[in-house]
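Trainee: I have a new model open and would like to talk it through with you. Shall we begin with the overall picture and then turn to the details?

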Amino acid sequence: QPPAPPGAAMWALRALCLAGLGAAIGGGAADQCSWRGSGLSQEAGSVEQLSLHCAEGSLEWLYPTGALRLRLAPRLPPTSAAVKGGSPPHVTACIKPTGTFRGAQLYLEREGVLELLLPEAPRPRARCFSWLPQEKVALFLQATPHPDISRRIAAFRYELRGDWLARPALPAASTGAEGACRPCNDTEILMAICTSDFVIRGSIRSVSNDAELQESIIGVSATRIHRQKFPLFRAGGRAGRAVGSIRTPLRCGVKPGPGTFLFTGWLHFGEAWLSCAPRYRDFQRIYEGAQRTRQNPCEFPVD
């Protein structure tokens, strides 16, 4: 991402200081999943404080002027790591701008330091980031000066999760997604079958690449749907098999190949994203070994 202009960054830092001193104008929207408002109701140079407490929702800022500071405070269910007394889990957030995002820049504020997430008029793809529960993070939306703001709307959707694997598959433009293309180890595979949004046994029908979004779309024919929280795979293939598509970063270089795989992953803004996809025979070996030593985190049907 190109760096923000020096003047804009200085303005953002000055506005952030004002926000820290409590210069909130216009009344924040608290305890809601989504917010919609207009910059026309804000005073020049003001920072409106918002707080959304849901795991997903949206923000729509019409005629941006001044700035918004959105506190991220989701009420998330306890994770398996927390329940078993493991290390504190990370919270992961993904932000996806609309195709008409204009009039503002979006920063991640982490412990008082600003990092540009979305410039004005970004590509309509998700950016993701993670933080520990004790860290203080917020989103800082700064209006960019324009003579005519009548046709400018800064809008995005967000998702927050507290039950992701330590190495989730995130969109290619994510921050902190190093290693997203690395094959899952045995522990990650065993956790993926227990915690993923979908677990599908099947084969690869096709692979297509979207160079603009830097995504690969894997066409999958399912022989068995072990779990899907949402109807991602539906009947329509040969012999009545369910078919669907799963996305992964383009840089991972996914190629079509023979064999049966166990596809696992997460739902991002209505689309399936790949986490772990071992060959099914390899998964059988890993799971049966964990069963013998009683180290399998959950029961799973293996045949």
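Mentor: Happy to. This is a predicted model, and the protein in it has four helices and 17 strands.

Trainee: What share of the 303 residues is buried?

Mentor: A residue counts as buried when its relative accessible area is under 20%. By that cut-off, the buried part of the protein's 303 residues comes to 47%.

Trainee: And how much of the exposed surface do carbon and sulfur atoms supply?

Mentor: Start from the total, which is about 14700 Å² for the protein. Of that exposed area, the share from carbon and sulfur atoms is 53%.

Trainee: Among contacts between residues at least 6 apart in sequence, what fraction joins residues at least 24 apart?

Mentor: Here the contacts are those between residues at least 6 apart in sequence. Those joining residues at least 24 apart make up 66%.

Trainee: How many disulfides does a search of the whole structure find?

Mentor: A disulfide is a covalent bond between the sulfur atoms of two cysteines. In a model, we call the pair a disulfide when the sulfur atoms lie within 2.5 Å. Searching the whole structure on that basis gives a count of four.

Trainee: Let me take C33 and C54. Is their link left-handed or right-handed?

Mentor: The sulfur atoms of C33 and C54 are 2.0 Å apart, and the two residues form a disulfide. C33 sits in the loop between β1 and β2, while C54 is in the loop between β3 and β4, 21 residues away. The angle about the S-S bond is -65 degrees, which makes the link left-handed.

Trainee: Is C33 buried, exposed or partly exposed?

Mentor: Its relative accessibility is 34%. Because partly exposed covers what falls between the 20% and 50% cut-offs, C33 counts as partly exposed.

Trainee: Which strands hold C94 and C128?

Mentor: These two cysteines are joined by a disulfide, with 2.0 Å from S to S, and the 105 degrees about that bond make the link right-handed. They are 34 residues apart, and the strands that hold them are β6 for C94 and β9 for C128.

Trainee: Is C128 buried or exposed?

Mentor: Its partner C94 has 1% relative accessibility and counts as buried. For C128 the relative accessible area is 0%, so the answer is buried.

Trainee: How far apart in sequence are the parts that C194 and C298 tie together?

Mentor: C194 and C298 form a disulfide with sulfur atoms 2.0 Å apart, and it is left-handed because the torsion about the S-S bond is about -90 degrees. C194 lies in helix α3 and C298 in the segment after α4, so the parts tied together are separated by 104 residues.

Trainee: Where is D197 found, and is it buried or exposed?

Mentor: D197 is found in the loop between α3 and β12. Leaving out residues up to four places away in sequence, D197 touches several others, including R161, R227 and W266. Its relative accessible area is 3%, so D197 is buried.

Trainee: Finally, α4: which elements do its buried residues pack against?

Mentor: α4 has 13 residues and reaches 18 Å from its first C-alpha to its last, close to the 18 Å expected. Its buried residues include Y280, F283 and Y287. R294, which follows α4, has a positive phi near 55 degrees. As for packing, the buried residues of α4 meet α3, β12 and β16.

Technical notes: Residues are numbered from 1 along each chain as its sequence is written. This is a predicted model: local features need pLDDT of at least 70, side-chain atom pairs count only at pLDDT 80 or more; totals for chains, interfaces and linings use all residues. Side-chain values use heavy atoms; hydrogens and water are left out. Helices (H or I, at least four residues) and strands (E, at least two) are DSSP runs, numbered from the N terminus. Buried means under 20% relative accessible area, exposed over 50%, partly exposed in between (1.4 Å probe, protein chains only). Contact means heavy atoms within 4.5 Å. Accessible areas come from the Shrake-Rupley method with a 1.4 Å probe; for residues, only the protein chains shown count as cover. The expected span of a helix is 1.5 Å times one less than its number of residues.
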